[in-house]
Amino acid sequence: MQMPLAARIDALKAERAKCICMNCPTYTKCAENFDQGFFCFTGMSIICIDHEVECLCPKCPVPQDTGLKHTAFYCTRGNEKERRYDQSLAGKEK
Ligand code: SF4
Ligand code: SF4
């Protein structure tokens, strides 16, 4: 059964707190100023990040905690939901 909305928000906040993007070489001062992060859920960084250096997502506990399949460069390539959708469309083209 789905969790109540308040419990889902609390669970997401707890996962957000585990994000290690701010330690990543790809993360920028601009992203820090706008308090960006948690890109696996919020989607790619608008304005602040357009250059991939290295990604710490594979070392982050969030993908394993939340069942994410894609584990890298969410800030430049889109969040998990978008990437699964793109992948499903690509599969239909075959
Ligand atoms: S997987 Fe990446 S974007 Fe998601 S919380 Fe972890 S470090 Fe942040
Ligand atoms: S999503 Fe990955 S590449 Fe982007 S800032 Fe977070 S850890 Fe770094």
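**Close-up 1. Phe 38 is a buried residue of this predicted model.** Its relative accessible area is 5%. That is below the 20% limit for a buried residue, so Phe 38 counts as buried. Phe 38 is also one of the residues around ligand 1.

**Close-up 2. Phe 38 stacks with Phe 41.** The structure holds 1 aromatic pair. Its members are Phe 38 and Phe 41. A pair of aromatic rings is described by the distance of the centres and the angle of the planes. Here the centres lie 4.8 Å apart. The planes meet at 15°. Planes under 30 degrees apart count as stacked, so the pair of Phe 38 and Phe 41 is a stacked one. The two rings sit in unlike surroundings: Phe 38 is buried, whereas Phe 41 is partly exposed, at 32% relative accessibility.

**Close-up 3. Ligand 1 sits in a cavity.** The cavity is the second largest. Around ligand 1 are Cys 19, Ile 20, Cys 21, Phe 38, Phe 39, Cys 40, Cys 57, Cys 60, Val 62, Pro 63 and Tyr 74. By class, 11 residues of this shell are nonpolar. None is polar, and none is charged. Helices α3 and α4 each give the shell at least two residues. Helix α3 spans residues 39-42, and α4 spans 62-66.

**Close-up 4. Cys 57 belongs to the shell around ligand 1.** Cys 57 has 14% relative accessibility and counts as buried. Other cysteines around ligand 1 include Cys 19, Cys 21, Cys 40 and Cys 60.

**Close-up 5. A disulfide joins Cys 30 to Cys 48.** A search of the whole structure finds 1 disulfide. The S to S distance is 2.0 Å. Cys 30 lies in helix α2, residues 29-33. Cys 48 lies in the loop between α3 and α4. The bond therefore ties together parts that are 18 residues apart in sequence.

**Close-up 6. The disulfide of Cys 30 and Cys 48 is left-handed.** The torsion about its S-S bond is about -50°, so the hand is left. The two ends differ in exposure: Cys 30 is partly exposed, at 25% relative accessibility, whereas Cys 48 is buried, at 7%.

**Close-up 7. Cys 75 is a buried cysteine.** Its relative accessibility is 10%. Buried means under 20%, so Cys 75 falls in that class.

Notes: Residues numbered from 1 in each chain as written. Chains lettered and ligands numbered in written order. Predicted model: local features only at pLDDT ≥ 70, side-chain atom pairs only at ≥ 80, totals over all residues. Heavy atoms only, no water. Disulfide = S-S within 2.5 Å. Helix = DSSP H or I, 4+ residues; strand = E, 2+ residues; numbered from the N terminus. Buried < 20%, exposed > 50% of the residue type's maximum accessible area, 1.4 Å probe, protein only. Near = heavy atom within 4 Å. 1 Å grid on protein atoms, 1.4 Å probe; cavity = no way out; pocket = protein on both sides within 12 Å on 5 of 7 lines; lining within 4 Å. Sits in = over half its atoms within 2 Å of the grid points. Nonpolar A, V, L, I, M, F, W, Y, C, P; charged D, E, K, R; others polar. Phe/Tyr/Trp six-rings, centres within 6.5 Å; stacked < 30°, edge-to-face > 60°.
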